[in-house]
Amino acid sequence: MLLISNNPSLNLKPFNSSNTGQMLRKRLQEIVHEKKQKEMQEKKQKEMQEKMQKKEIILNNRLYSVFGIVDSLADGIARITNFSDDVIFGEVVLFSGLESLSGVVMGITEKIVSVVLFFNVNRISEGDYVVPTGELVSIPIGKVFFGRVINTLGFAVDDKGTFVLPKLRRPIDSKAAGISSREAVYEPMLTGQLILDAITPIGLGQRELIIGDRQTGKTTCAWDTLINQCKDQYHFFIYSFIGQKNSFVSRLTNKYSEEKWFKRAIFISATCADSAPLQYMAAFSSCTIGEYIGLLASDAVVAYDDLSKQAVCYRQVSLLLRRPPGREAYPADVFYLHSRLLERAAKFHVSKGAGSSTALPVIETQLSDVSAYIPTNVISITDGQMFFNTEGFKKGIRPALDVNLSVSRVGSIAQWPIMRKLSAKLKSSLAQYKEVEVYASFAADLDASTLFTLNRGIKLIELLKQAKNQPLSRDEGVLLLFAGVNGYIDHLPKEDVVPFKYFLLNSVKQSNLFWELNPYKDLVAGPFEKFMDVVMSDWANKKS
Ligand SMILES: Nc1ncnc2c1ncn2[C@@H]1O[C@H](COP(=O)(O)OP(=O)(O)OP(=O)(O)O)[C@@H](O)[C@H]1O
Ligand SMILES: [Mg+2]
């Protein structure tokens, strides 16, 4: 007892006699534990040194003379020693064990290399070997992907069975096409939702943002565009689900998997169950496939649903890598992340095949705040935005496009002349309606012209309401706009506008009105007026 209490290395404090035995036992246990830990550390260091001294190792049946050793593991990041001179930023590295255990180098210091893991951290342990592959993160590209749901690295994740990965690979993060490889946007890309095609027309190769609060129809807008593009326009579509629920992705894809148009689309899924790097890289994988299709002289549209969640994943990875946080804790390069992704959308020059890759990024706002950090970033990168508001959505105006806040900066050049003229009239009618709308609620006697503007606006908004997953063709859109802006529906009661719309669309199927429609010229009104007169009298007969 005297010996122990006098030993300075034990650092024992004076104790009172009542709990002496208990405290002494506790302290002795601590001393034994500390000693064991020290021994273990020394053993680990010795093992590491022995491993480092090795000249070569065998991993996955291959001989490697360059390798690193896992020093520590935490939160999906592995810190590797013995490696700094042998790898480059963005390189894929493999871990001992299965061949599929890979990660990407995202930080290099003098002694430590930080690797972001693509898999669960529990599958490796400290002291494991790591080898470089000499390749940047890439995705295989092939025909097998069409009609399938794949993950960021190209592996099938749907229930249709596995496939052999295509041999052709492309790095997911590459430089955008230069000016000489591009051409101005001039061909239209229809979403199939009439109000969007009229007010915010999109051109092939454009970047148009879909923005709005939660549950305002953003996904529906992108999905309708997919149906419209793959069904009638024969373009290709790449839809990336980023940070969505697994159940949501499988419900949506299973519902339509038997449709013919489904085979023209590729679905990339990095759900919230996947690791953060896989989620933020999914956007780049989709972009790479879209760009490749564009360079093959075809037209591809890529939807990123959504980039807010992608930015959150990137923030998570950056914070774990101990990069300095900036505004809203996002890293300083989050703008660069989105710009280098969206810059890759392009209408390619004839020398490059004249194909295109159109980008439809989705951004979620909080309380319609478009001036938040990520929304402003993406708004400034894209060529326009379609803003969906909650207020309109709740009132049943769907698609709930906010006409005042939505814009397309290059699309109207790409619009067919026939559509452009009708859209211009529609825009001015809706703008006038928005101006006088507020008076309607409190002013009792309004003058005739205000009443006319109000009535026209109300009827046009009814006409532009559209059920989901029922895209309209260009010609149907032209007909509805013609009827709307020329006052054919003004005298109808509000509740009759939607039934009349379906009646009109049914009637035109039995006629040959569209046969001689030339989208590149101005509308020849004569046949349309005659047709509308007939439909109006049929409608009146039906109603009487
Ligand atoms: N034009 C429409 N007609 C009828 N229902 C619609 C229409 N557009 C969207 N909806 C419905 O509104 C709901 C929300 O739509 P959607 O999932 O597209 O919104 P979101 O903005 O993507 O939501 P989130 O923010 O959760 O991703 C869905 O149930 C969808 O079926
Ligand atoms: Mg959505």
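Q: Which residue is the bridge partner of Leu 73 in β4?
A: This is a predicted model, so local features are only taken at pLDDT of at least 70. Strand β3 (residues 68–74) and strand β4 (residues 77–81) run antiparallel and are joined by five bridges. Leu 73 sits in that pairing, and its partner in β4 is Ala 78.

Q: Which residue takes a positive phi in the hairpin of β3 and β4?
A: The hairpin has two residues between the strands. With phi near 50 degrees, the residue to look at there is Asp 75.

Q: In β7, which residue is the bridge partner of Arg 79?
A: Besides pairing with β3, β4 pairs with strand β7 (residues 113–117) in the antiparallel sense, over four bridges. Follow Arg 79 across to β7 and you land on Ser 114.

Q: How many residues of domain 3 are in contact with domain 2?
A: The chain is divided into domain 1 (2–48), domain 2 (57–136), domain 3 (140–414) and domain 4 (419–543). The centres of domain 2 and domain 3, taken over C-alpha atoms, are 31 Å apart. Twelve residues of domain 2 make the contact from their side, and on the domain 3 side the count is nine.

Q: How many charged residues are there on the side of domain 2 that touches domain 3?
A: β6 (102–108) and β7 each supply at least two residues of that side. Sorted by class, it has seven nonpolar and four polar residues, and the charged count is one.

Q: Between which two domains does ligand 1 lie, and why?
A: Look at who gives residues to the shell around the ligand: 140–414 contributes, and 419–543 does too. Since both of them give residues to the shell, ligand 1 lies between domain 3 and domain 4.

Q: Which helix gives the largest share of the shell around ligand 1?
A: The ligand is surrounded by 14 residues, and the closest are Gly 217, Lys 218, Thr 219, Thr 220 and Arg 398. The largest share is three residues, and they come from residues 218–231, that is, helix α4.

Q: How many charged residues does the shell around ligand 1 have?
A: Two residues of the shell are nonpolar and seven are polar. The charged ones number five.

Q: Which residue does a cis peptide bond join to Arg 398?
A: Arg 398 is among the closest residues to ligand 1. The bond that leaves Arg 398 has omega near 0 degrees, so it is cis. Its other end lies in the loop between α10 (390–395) and β21 (407–408), and that residue is Pro 399.

Q: Where is Asp 306 found?
A: A cis peptide bond joins Asp 305 and Asp 306, with omega about 0 degrees. One flanking element is β17 (299–305) and the other is α7 (307–320), so to speak the bookends: Asp 306 is found in the loop between β17 and α7.

Q: Is Phe 236 buried or exposed?
A: Phe 236 lies in strand β15 (residues 236–242). A residue needs 20 or more other C-beta atoms within 10 Å to pass as buried. Phe 236 has 23, so it is buried.

Q: How far apart in space are Phe 236 and Asp 299?
A: Leaving aside neighbours within four places in sequence, Phe 236 is in contact with Arg 264, Ile 293, Ser 298, Asp 299 and Ala 300. Asp 299 is 63 residues away in sequence, yet C-alpha to C-alpha the two are apart by 6.2 Å.

Q: Is Ala 329 buried or exposed?
A: Phi of Ala 329 is near 65 degrees, a positive value in a residue other than glycine. Ala 329 is found in the loop between α7 and α8 (334–342). With 12 other C-beta atoms within 10 Å, Ala 329 counts as exposed.

Q: What phi does Ser 368 have?
A: Ser 368 is found in the loop between β19 (356–364) and α9 (373–381). Ser 368 is partly exposed, with 17 other C-beta atoms within 10 Å. Although Ser 368 is not a glycine, its phi is positive, at about 55 degrees.

Q: What radius of gyration does the protein chain have?
A: The C-alpha trace spans about 110 × 60 × 40 Å along its principal axes. A compact globule of 544 residues would come out near 24 Å, but the chain has 31 Å.

Note on methods: Residues are numbered from 1 along each chain as its sequence is written. Chains are lettered from A and ligands numbered from 1 in the order in which they are written. This is a predicted model: local features need pLDDT of at least 70, side-chain atom pairs count only at pLDDT 80 or more; totals for chains, interfaces and linings use all residues. A residue is near a molecule or strand if its C-beta atom, placed from the backbone, lies within 6 Å of it. Ala, Val, Leu, Ile, Met, Phe, Trp, Tyr, Cys and Pro count as nonpolar, Asp, Glu, Lys and Arg as charged, and the others, Gly among them, as polar. Domain bounds come from an automatic or database domain assignment. Two residues are in contact if their C-beta atoms, placed from the backbone, lie within 7 Å. The radius of gyration is taken over C-alpha atoms; the globule rule is 2.2 Å times the number of residues to the power 0.38. Two strands pair if DSSP finds at least two bridges between them.
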